[in-house]
Amino acid sequence: MVSRKLHGFQICVTFVAMKQIHIIVAVSIAVVLSGCGRGRSAPADAAGHVKRGVELAESGNPAGALASLHQFIVAADMNPESVADSIRIDAYMLLGDLYCDFDDYASGVSYYERARGLMGADAGRDLLVRLHHRLAVCYSNLGERADARSNYGAFLSKSEGRPDYDFEQALTAGYIEKAFGSEAMSKTLMKRALALVDERGLDTMLRELPSKELMEIYNRENKPDSALMLLKNLYPIAEAKGSDARKAGCMRAAMRAWMLKGELDSSLVYQQRYFEFKYNMFDSEAFTALSDSFRYEDEARTRRRLEALRDSVSLGQFSLVAVGLVLAGCLLFIWYRRREMQSRRRYYLLDAAMHRLQKRVGSAPAVYAESAEPVSGAAATSDPARRELFARISGVVSRPEIFTDPTFSLPRLAEMMGTNTKYVSAAIKEATGHNFRSYVNEYRIREARSRLLDTDNYGRLTIQSVAESVGFVAPSAFISAFKQFTGMTPSYYLKMSREMSD
């Protein structure tokens, strides 16, 4: 049965690969022939792509907006003189906003900087203020202190004497304080931004960003009542914008607040609603894949502008060579990928079998890594007192409600053990050979593997949802830990689990 599935899967891979060959060949021919159209004007409706992109972004379709804006960029690059700089600036600004919505601040900055490069001395004051505000926020999130403060200074200079920009000033300063200053000052500035919305009669939708930041701060300060009070104003904004991503963020904050209050039943209710919204959300991985595809095409168009090769060979010869090289590369790539996938599939089957065996036997996880030999259990501990302490630690950490808590920390474990962090850390180190974080992460990864294998109950969840459900705050940390312990990415692990269950 399994071999039949694997054979069917290989046929499917081959079909998809052959389809990719057709696409790549078509793209290669288009790349060659596009040089012939250099003298043609860009489509007359190039600006329409930008307008369409704005409409799609506002309707909650970021992938469609990205595709529409990419069409505009392709058309504009064919003949830059035919498209006004103001339209290109609008396109780059919107692209920057789209990437920032998906927390890809590096890509957001790249498009904002392209927009700045097109702005001349006659650029409008409002446009410059908006640009420097966004760049300051992006650079703050990227940890680039100098660039963040430089753009904040430019923002202050351009907005001087304009009280209608007081809200943006407080908000931007709050983000900079959050990244490089004190949380207390960031909290004060976010409160100021929130108050300005009411004082100046501004659009109530502007309450969203400062409210989100304040909710995070209140949860970290263990003030769940204050966080839930803000949620009453924040959730209607998410509903008004029709964004499942914003609704999921509200549910996540509410879940943590109720957990801090000790109301487990209420926390579970919001957790369920959080997963429902996350499931309905647009897949950020699809947006990233689409973005990467467009980025590669942008790089290809840049290389085509060099034209050094056309000085030595004819267009026909270049076409044949390009198509031949692409075909040869595709065939080599398919062969390599097929062998790699077969190897990774065998590794997955072995890992899944080992995991099921561990669950059946009921063995405790043994932390392993490339940097050290695995040390399993308290038997490796020479000090009887530390053996007893580690046994107690293991009994507590192995409980799912403990290790899946994202706020679980070494100081908290030490408090539960009635001792200090030094002794707890030493007991874990002596027993396992690893630190507290690695020790807890293996319990989390083991639980994540169980959930990824259980496609009936968890197969519809995203990787981010699985990561958060086992205690990881950042998806990147989950992916890194999962790959460290299994040798595979969680997305591949889930993909194989689904295929094996069909």
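**Helix packing in a predicted model**

Helix H16 (residues 384-397) and helix H18 (410-417) pack at an angle of about 115°, with their axes 11 Å apart. I begin with this pair because two packed helices are described by the angle between their axes and the distance between the axes. The axes are lines fitted to C-alpha atoms, for helices over the stretch in contact, and the angles run from 0 to 180 degrees between N-to-C directions.

Before going further, I should state that this is a predicted model, in which local features need pLDDT of at least 70 and side-chain atom pairs count only at pLDDT 80 or more, while totals for chains, interfaces and linings use all residues. Residues are numbered from 1 along each chain as its sequence is written, and side-chain values use heavy atoms, with hydrogens and water left out.

The protein chain as a whole has 24 helices and zero strands; helices (H or I, at least four residues) and strands (E, at least two) are DSSP runs, numbered from the N terminus. Of its 502 residues, 40% count as buried, a word that stands for under 20% relative accessible area, with exposed over 50% and partly exposed in between (1.4 Å probe, protein chains only). Among the contacts in the chain with a separation of 6 or more, 66% join residues 24 or more positions apart; contact means heavy atoms within 4.5 Å.

Let us return to H16 and H18. Their crossing is right-handed, that is, the near helix is turned clockwise from the far one by less than a right angle, whereas anticlockwise would be left-handed. On the H16 side, Leu-389, Arg-392, Ile-393, Val-396 and Val-397 make the contact, and on the H18 side Leu-413, Met-416 and Met-417 do. By class, these residues are seven nonpolar, no polar and one charged. Here Ala, Val, Leu, Ile, Met, Phe, Trp, Tyr, Cys and Pro count as nonpolar, Asp, Glu, Lys and Arg as charged, and the others, Gly among them, as polar.

H18 also meets helix H19 (residues 421-432): the two axes come within 8 Å and cross at roughly 100°. That angle makes H18 roughly perpendicular to H19, the term for 65 to 115 degrees; under 35 counts as roughly parallel, over 145 as roughly antiparallel, and the rest as oblique. Leu-410, Pro-411, Leu-413, Ala-414 and Met-417 of H18 touch Thr-421, Val-424, Ser-425 and Ile-428 of H19. This contact has seven nonpolar, two polar and no charged residues.

Just before H18 in the chain, Asp-405 occupies the loop between helix H17 (400-403) and H18. Is Asp-405 buried or exposed? With a relative accessible area of 8%, Asp-405 is buried. Not counting residues up to four places away in sequence, Asp-405 touches Met-259, Arg-412, Arg-444 and Gly-471.

The next pair is helix H8 (residues 166-180) and helix H9 (residues 183-199), whose axes come within 8 Å and cross at roughly 160°. H8 and H9 are therefore roughly antiparallel to each other, and H8 passes H9 in a left-handed crossing. Residues in this contact include Phe-167, Ala-170, Leu-171 and Ala-173 of H8, and Met-185, Leu-189 and Arg-192 of H9. The residues of the contact divide into 11 nonpolar, two polar and four charged.

Ala-173 of H8 deserves a closer look. Ala-173 is buried, at a relative accessible area of 12%. Leaving aside neighbours within four places in sequence, Ala-173 is in contact with Tyr-152 and Leu-189. Ala-173 and Ala-136 are 37 residues apart in sequence, and their C-alpha atoms are 8.9 Å apart in space.

A similar description can be given for Gly-249, which lies in helix H12 (residues 244-260). Gly-249 counts as partly exposed, at 38% relative accessibility. Its C-alpha atom is separated by 8.6 Å from that of Lys-212, 37 residues apart along the chain.

In the loop between helix H10 (208-220) and helix H11 (224-241) we find Asn-222. Asn-222 has a positive phi of about 60°, although it is not a glycine.

Finally, what span should the 14 residues of helix H5 (residues 105-118) have? At 1.5 Å a residue they should span 20 Å, and the end C-alpha atoms are 20 Å apart, which agrees; the expected span is 1.5 Å times one less than the number of residues. Buried residues in H5 include Tyr-105, Tyr-111 and Tyr-112. Helix H24 (residues 490-501), with 12 residues, reaches 16 Å from its first C-alpha to its last, close to the 16 Å expected. Its buried residues include Pro-490, Tyr-492, Tyr-493 and Glu-499.
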